[in-house]
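Trainee: Please give me a close look at a single part of this structure, and then follow its contacts outward into the surroundings. I would like the reasoning spelled out wherever a class or a label is assigned.

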Amino acid sequence: MGSGTGEQPDNGNRCGADRRIDNRTRLKYLLFNGRRERLRREEDRDKIFFFDRYPPKLFAAIAAILMLSIFDALLTLILIHKGSSELNPVMAYFLEHGMLPFIIAKYVLTSMGVVILLIFKNIFLRRAKIYTRSLFSAVIVAFGAVIVWELFLIFTASRY
């Protein structure tokens with residue numbers, strides 16, 4: 001063992017190359033419980049790390065975002081049926097091709113955004129002074145606000 005003076009440890013009990021040199025993601029780790037869920041060293045906090053294990057709360061947030069996205073799409077279709085129009089030009093394009101392409105596009109685009117957030121969940125946004133993982137909550141709140149607004153529009157439009 002090193003004495004803390006920068007000496008290399010005695011590698012007499014080790015065989016082969018240093019396993020940390022090959023940092024490719026292995027399929028077995030992705031399929032069978034993964035390897036890393038969080039950073040272990042303080043000096044790694046400023047680096048970008050990708051993980052293959054995630055806490056259950058994060059899974060719940062992702063499931064909530066995807067369900068709220070589908071609910072938003074269904075409420076949007078109800079509003080369209082009542083005479084409203086889609087303001088988002090990307091979603092309006094898919095709506096021109098039918099209800100199913102609209103719902104599928106909404107789900108796929110939301111899923112892609114969630115995957116990007118998941119990959120970079122441990123990045124600290126210096127200007128905003130937050131970690132990107134807190135954006136999951138912000139997305140849930142935003143979808144919730146949109147859904148409340150859509151429900152308000154549906155119920156007030158049905159009174160007239």
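Mentor: A strand is here a DSSP run of E with at least two residues, and strands are numbered from the N terminus. What you see is a predicted model, and the part I would choose is Tyr131, which has its place in strand β2, residues 130-131.

For the setting, the protein has five helices and two strands, and its elements run α-α-α-α-β-β-α from the N terminus on. Of its 160 residues, 22% count as buried, and the accessible surface comes to about 12,500 Å², with 62% of that belonging to carbon and sulfur atoms. Among the contacts with a separation of 6 or more, 50% are accounted for by residues 24 or more positions apart.

Tyr131 itself has a relative accessibility of 30%, and because the partly exposed class lies between the 20% limit for buried and the 50% limit for exposed, Tyr131 counts as partly exposed. Once residues up to four places away in sequence are set aside, Tyr131 touches Lys121, Asn122, Ile123 and Phe124. Phe120 lies 11 residues from Tyr131 along the chain, and the C-alpha atoms of these two are separated by 9.2 Å.

Of the residues that Tyr131 touches, Lys121 is the one I would follow, and its place is in the loop between α4 and β1 (124-125). Although lysine is classed as charged, Lys121 counts as buried, because its relative accessibility is 8% and the class takes values under 20%. Apart from neighbours within four places in sequence, Lys121 is in contact with Tyr54, Leu58, Tyr131, Thr132, Arg133 and Phe136.

Phe136 then leads into a helix pair, since it is one of the residues of α5 in the contact with α4, a contact made by Lys106, Thr110, Val114, Leu117 and Leu118 of α4 together with Leu135, Phe136, Val139 and Phe143 of α5. By class, the residues of this contact divide into seven nonpolar, one polar and one charged. The two helices pack at an angle of about 155°, with their axes 10 Å apart, and because angles over 145 degrees take that label, α4 and α5 are roughly antiparallel to each other.

Each helix can also be checked for its span. Helix α4 covers residues 99-119, and at 1.5 Å a residue its 21 residues should span 30 Å, which agrees with the 30 Å between its end C-alpha atoms. For α5, the 23 residues should span 33 Å, and the end C-alpha atoms are 32 Å apart, which agrees.

The buried residues of α4 are Phe102, Ala105, Lys106, Thr110, Ser111, Val114, Leu117 and Leu118, and what covers them includes α2 (56-81), α3 (89-96) and α5 (135-157). Those of α5 are Phe136, Phe143, Ile147, Glu150, Ile154 and Thr156, and they pack against α2 and α4.

Ala157, the last residue in the range of α5, provides one more distance to check: Lys82 and Ala157 are 75 residues apart in sequence, yet 7.8 Å apart in space, C-alpha to C-alpha. Lys82 is found in the loop between α2 and α3 and, with a relative accessible area of 42%, is partly exposed.

Terms used. Residues numbered from 1 in each chain as written. Predicted model: local features only at pLDDT ≥ 70, side-chain atom pairs only at ≥ 80, totals over all residues. Heavy atoms only, no water. Helix = DSSP H or I, 4+ residues; strand = E, 2+ residues; numbered from the N terminus. Expected span 1.5 Å × (residues − 1). Buried < 20%, exposed > 50% of the residue type's maximum accessible area, 1.4 Å probe, protein only. Contact = heavy atoms within 4.5 Å. Axes fitted to C-alpha atoms, helices over the stretch in contact; angles between N-to-C directions. Parallel < 35°, antiparallel > 145°, perpendicular 65-115°, else oblique. Areas by Shrake-Rupley, 256 points an atom, 1.4 Å probe, with all protein chains shown as cover.
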